[in-house]
Structures are given as C-alpha cells and as structure tokens.
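Welcome, and please open your viewer. We will go from one selection to the next, with a short look at what is there each time.

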Amino acid sequence: MNFDNLDIGHLKLFSAMMAHRSVLRVSRVCNLPQPTVSRKLASLREYFQDPLFVRTKSGMEPTPGAQALAEPIEAILRIHRSYLLHADDFDPARTTRTFNIAASDLEHQAFIPGLYSWATNIAPHIQFNPTLVGEGALDVRLETGEVDVAIGGFIDVNAGVRGKLLNEDHYVCAMRRGNPLLDSPLSADVFRDARHVVVHMQHAGHAHQLVEQLLHELCPPEKILTVSESFFVAALMVQSSDRILILPSSVAKRLCQKLALETTTSPFELPPIQYKQYWHERFDRDPANQWLRLGIETVEKSVRDSDLLCISGARN
C-alpha cells in the first residue's frame with residue numbers, strides 16, 4: 001500500500017483506538033460513522049501488515065506491532081498540532097465547534113448558561129456540551145481531546161494534566177427549612193445520629209471523595225443513603241426528608257433558594273475543596289482551548305459575584 005493512501009485522519013484514528021480500545025467508542029469520540037472507522041482501521045492494517053488491534057473479552061487490545069507504533073505516531077501528531085496547525089485557524093466569530101466540558105451536574109448548571117451568555121456576541125455558532133466527570137478516565141479523555149476542559153476539584157490526575165485555580169470553597173451542612181436539627185447548634189453526637197445523604201464521587205477521582213470517606217467513617221452505615229455523582233438529586237432527597245447533606249458552600253448557594261434549603265456549619269472540621277479548570281498539556285497552546293479557558297475564568301468570576309448566589313436565611 002502506498003503511504004499516500006494514509007492521511008493524518010488515519011493516524012488520529014490509530015491514537016484514538018489506543019486510548020479507547022473500541023470501534024464504537026472511537027466512532028463517538030471522532031464523530032465518524034462506525035463503517036468509516038472500520039474502513040480506516042482496515043487501511044492501517046493493510047499498510048502496516050499487522051492486525052494492530054484484536055478483539056478480546058476486555059475490548060480491542062493492541063498487538064505488539066501497534067504498541068511499537070504508538071510512540072512514533074503520537075510524535076507525528078504532536079508535530080502536526082504544534083507546527084502545521086496555525087493559530088489563526090480558530091475564529092470564534094465563524095467557528096461552529098462544539099466544546100466538551102466535564103463537570104458535576106451543578107457545575108454545569110453554573111457554567112454552561114454563563115458560557116453561552118459570554119459567547120453570544122463573540123461566538124454565536126459555538127456549542128458547549130456538558131458531560132459528567134465519571135464517564136471514563138478523565139486523564140485519557142483530556143489527553144485524547146474527547147473532553148476539552150474539566151471543571152471541579154480532582155485529586156487523581158497525572159502529570160500531563162494542567163490545572164488553574166478558579167476558587168477555594170468550604171463545606172456546609174444543608175437541610176430542609178423546618179428540619180428540627182436547625183433549631184440548635186449541630187453537635188457531633190447529633191450529627192452522627194442523624195440520617196445523611198452522601199454524594200458518591202470516588203470513581204470520578206473528585207476531591208469530594210475525601211469528605212465522602214470521612215462521613216462513612218463518622219456515621220453508622222445504616223444512617224447513610226448514597227447518591228451517585230448528583231448533588232442536585234441528593235438535594236431533592238434532603239428537601240423531602242430530615243436528612244443532612246454535606247456539600248460545598250458554592251453548591252449550596254445555588255440550591256438553597258430553589259429548593260427551600262438552609263445551611264449550617266459542620267461540627268467536624270472538613271477539608272476545603274479547590275475548584276480548578278483542567279486541560280491536557282497537549283492543548284496548552286491550542287488557541288481554541290485557550291479561548292475556552294478564558295471564558296470559564298470570566299464566567300466563574302461573574303458566578304462568584306452574582307447576587308443570585310446569596311443565601312436567604314442561611315444559618316452559618
């Protein structure tokens with residue numbers, strides 16, 4: 001096979017296969033029909049005279065030949081991104097690009113509308129796609145470009161992932177208005193004996209897992225009801241019961257007025273949480289990624305300063 005029959009798209013597909021080990025997943029990440037992915041993979045196999053990826057119980061695993069090709073192909077892709085793609089290729093006013101932003105449900109609620117407002121006049125055709133943080137390894141999703149930027153507090157990120165502090169937050173206890181536990185300061189014994197809703201974030205690598213683990217150590221297991229990843233769902237459950245929900249203050253501010261919740265301080269010292277935006281070093285100088293990061297910083301400041309974040313009647 002002549003190398004002229006291979007293009008940069010074949011090499012990008014090879015890189016995506018190394019990351020995701022699934023034709024279906026690569027089809028979604030690369031926005032290509034599955035037959036196209038299969039056809040390009042067949043071209044790669046023919047050119048390199050190697051199966052490259054073979055089907056196993058755990059997915060499409062790379063052959064030794066594919067593993068040997070992985071580093072030089074990544075080097076070619078780095079050169080292509082760094083030297084052959086020009087900064088002026090990204091024009092916010094003309095682009096129809098979709099940015100994928102990984103965050104929790106309430107971080108999406110705070111940032112996505114703000115990003116659309118910020119971009120209305122300068123990038124009218126752009127799209128911001130919210131995706132949850134737990135839908136795959138965040139490091140890999142940032143490295144491959146499946147996720148452009150992640151927002152939140154993450155502790156399990158590798159050296160290739162860069163982060164910039166947006167805000168530091170503290171934890172509070174949220175309860176429904178009228179909960180008898182709000183009538184007096186919350187003691188350690190009362191806290192342990194109360195019923196709780198805990199947001200489960202351990203599989204997402206989110207810093208909230210530190211508080212989650214502490215709550216499981218402090219409280220009897222029969223007192224804890226676990227909700228996966230969603231602070232909003234957890235808050236709805238607290239709204240209709242006498243349970244306690246531990247959550248970051250900024251998240252509580254977005255919920256208290258909407259769901260008639262009140263907050264109070266925890267009787268235990270809880271670790272602070274740092275909110276950052278994260279991106280992979282591969283895209284550090286990418287003008288589109290830089291533009292997105294600027295927008296997130298701008299929106300974060302407006303969210304932090306907004307009067308909508310004031311808690312009516314909060315007890316702190």
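How does Arg 25 count by its relative accessibility: buried, partly exposed or exposed? Select it and show its surface: at 25% relative accessibility, Arg 25 counts as partly exposed. Keep in mind during the tour that this is a predicted model.

**Stop 1: around Arg 25**

Keep Arg 25 selected and add Glu 146. Their side chains form a salt bridge, with N and O 2.9 Å apart. This pair links distant parts of the chain, 121 residues apart: Arg 25 belongs to helix α2, while Glu 146 sits in the loop between α6 (138–144) and β5 (149–152). Glu 146 has a relative accessible area of 12%, so it is buried, the cut-off being under 20%. Now add Arg 141 to the selection: Arg 25, Arg 141 and Glu 146 are linked in a network of salt bridges.

**Stop 2: Arg 21 and Glu 61**

Next, select Arg 21 and Glu 61. Here you will find another salt bridge between side chains, at 3.1 Å from N to O. Arg 21 is in the loop between α1 (8–20) and α2 (23–29) and Glu 61 is in strand β2 (residues 59–62), so this pair ties together parts that are 40 residues apart in sequence. Arg 21 counts as partly exposed, at 25% relative accessibility. Glu 61 also counts as partly exposed at 25%.

**Stop 3: Arg 176 and Asp 242**

Move on to Arg 176 and Asp 242. The closest N and O atoms of this salt bridge are 2.8 Å apart. Because Arg 176 lies in strand β7 (residues 171–176) and Asp 242 in the loop between α9 (231–239) and β10 (244–248), the pair ties together parts 66 residues apart in sequence. Arg 176 is partly exposed, with a relative accessible area of 23%, and Asp 242 is partly exposed too, at 30%. If you would like to look for others, a search of the whole structure finds ten salt bridges.

**Stop 4: the nonpolar cores**

Which residues have the most contacts inside the largest nonpolar core? Select Phe 191, Leu 245, Ile 246, Leu 247 and Leu 255; the core they belong to has 48 residues. Then centre on Leu 247. Leaving aside residues up to four places away in sequence, Leu 247 touches His 170, Tyr 171, Val 172, Ala 174, Phe 231, Ala 252 and Leu 255.

For the last selection, pick Phe 90, Ala 103, Ile 126 and Val 149, which are among the 22 residues of a second, separate core. In soluble globular proteins, nonpolar side chains tend to be buried together.

Conventions: Residues numbered from 1 in each chain as written. Predicted model: local features only at pLDDT ≥ 70, side-chain atom pairs only at ≥ 80, totals over all residues. Heavy atoms only, no water. Salt bridge = Lys/Arg side-chain N within 4 Å of Asp/Glu carboxyl O. Helix = DSSP H or I, 4+ residues; strand = E, 2+ residues; numbered from the N terminus. Buried < 20%, exposed > 50% of the residue type's maximum accessible area, 1.4 Å probe, protein only. Core = buried A, V, L, I, M, F, W, Y, C linked by side-chain atoms within 4.5 Å. Contact = heavy atoms within 4.5 Å.
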